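I opened this notebook to record what I looked up about pairs of charged side chains. The structure under study is shown below.

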Amino acid sequence: MSAVSAGGSGRAGRAGGAGRTDRADFFGRWLRGRAPWPVLLAALLVLALDVVRVVQGPRTPGIDNAVVVRAARALLDGGSPYADKRFLYLPGAVFAALPQTLADADALATAVPVAAALLVLAGVVLALRVFGVRPDSRLAAGVTAALGVFEPFHGVVYLGNWTVLSAVAFPAALLLARGGRWSAAGGVVGAALALKPMLVPLLLLFVLARRWRGLAWAVGVPAVVSLASALAMPRPGLFFTRTLPFLMHGQDAYARPFDAAWPSVLPRLGVPEPLALALAAGAAVAVLLCARWRWRAGGDPALRLVECAALLMLAAFLVSRPSFQHYMLVVLPSLAASLVVRAAAARSVWMWLPLLPEVAGVSWPYLGTARRHAFRDVVLIAGVTASLALHAWRTRSDPSREVTVSARIYALGNRESVRADGGPPERARDAPDRTETR
């Protein structure tokens, strides 16, 4: 790990934070700057208009959330939530959805899209805070406006899918880990897993960081919640005999066309299923190796956490079944927030080109139908993954040779230091006395 000042990781995070080492970076400073209030209002308006379009649309929104509410109502009626094969969450989600059973369908049709949008927006704010970026910055305005024309955002708002909980928990956990609070980060990840087990790949981040107490929290919280919830409902064993087989086989003909995982998309292009599964598994393993390389490369602490965690999640998106377009809302806000760091993979245009097919209102030949947009979604997931993995591979043998000490950056191979604020270089002969070795 990168050396830190003798005051500890928490003080080093504040003293050598994301902003201090990049003060000479004009683009990063510009993104961090406060946006004019008309620009902020315009960005929020773009996002709000998309939510209004969902609420006032011809179809009833919140169909994914309705599945969970239906499972909660089944529990109140004395039945098993897992009698419905489309209820795919852990037992804790049933009890979390109980308050919604008090509302009627019309109220939920309005409240669920709004709540989903607000949760995604909260995830954006938390992702920005990982890099010390203010929520009224130019970058915040740009990300907010982009969400309003981004099809995965429109999809998760329309569906009311509980992926939005992971979209909040992912940056929240990274923000806590950035401050050295790994146990709290594990608790956040565990709470998210207890409702929807999307962040399971993030457990590997605790392994890479050797934060075993945080890992224990991340595993223990969903285990306790799921066990207690299962004991409080009838026939919980249906989760293993009915739900898991349905999920492992890629669900059914209704959901399979929307699945952007390689084992689902490649067979539609003529690739035999065993070969498609082998290719997906091989790609996922390669991305996991890139995540390990990225962790060992060190560098900016916040950037290291975000890029490594994103690679872990993307590896699962390639091979897991299902893998829907709105899953990318978990990692993209944090990657967008990393734009303020000069060394970020997000500074490459190749990371953002795969997002173009997901711009709302753009018609793509032969891919315009709802049952064919998985071919665009696989470009999104695979393209972002490839760009981030390539960046990690390029830096695997060239780890950061800079040590942040107070307001200076000391090059390990040079006797002179470079001031982080762009000031004149100073001699680094006192550096060994104030740092810990790598």
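The entries that follow concern salt bridges in this predicted model.

Entry 1. I first asked how many salt bridges the structure holds. The count is seven. I noted the general background that side chains of opposite charge can pair when their charged atoms come close.

Entry 2. I then examined the pair formed by Asp 25 and Arg 347, whose closest N and O atoms are 2.4 Å apart. Asp 25 sits in the loop between helix H1 (9–15) and helix H2 (26–32), and Arg 347 sits in the loop between helix H17 (332–337) and helix H18 (374–394), so this salt bridge ties together parts that are 322 residues apart in sequence. I also asked whether Asp 25 is buried or exposed. Asp 25 counts as buried because its relative accessibility is 6%, and the cut-off for buried is under 20%. Arg 347, at 28% relative accessibility, counts as partly exposed.

Entry 3. I next looked up Arg 376, which forms a salt bridge with Glu 151; their closest N and O atoms are 3.4 Å apart. Arg 376 lies in helix H18 and Glu 151 in helix H8 (residues 151–159), so the pair links distant parts of the chain, 225 residues apart. I recorded both Arg 376 and Glu 151 as buried.

Entry 4. Finally, I turned to Arg 134 and Asp 136, whose side chains meet in a salt bridge at 2.5 Å, N to O. Arg 134 has a relative accessible area of 33% and is partly exposed. I found that salt bridges with shared partners join Arg 34, Arg 134 and Asp 136 into one network.

Notes
Residues numbered from 1 in each chain as written. Predicted model: local features only at pLDDT ≥ 70, side-chain atom pairs only at ≥ 80, totals over all residues. Heavy atoms only, no water. Salt bridge = Lys/Arg side-chain N within 4 Å of Asp/Glu carboxyl O. Helix = DSSP H or I, 4+ residues; strand = E, 2+ residues; numbered from the N terminus. Buried < 20%, exposed > 50% of the residue type's maximum accessible area, 1.4 Å probe, protein only.
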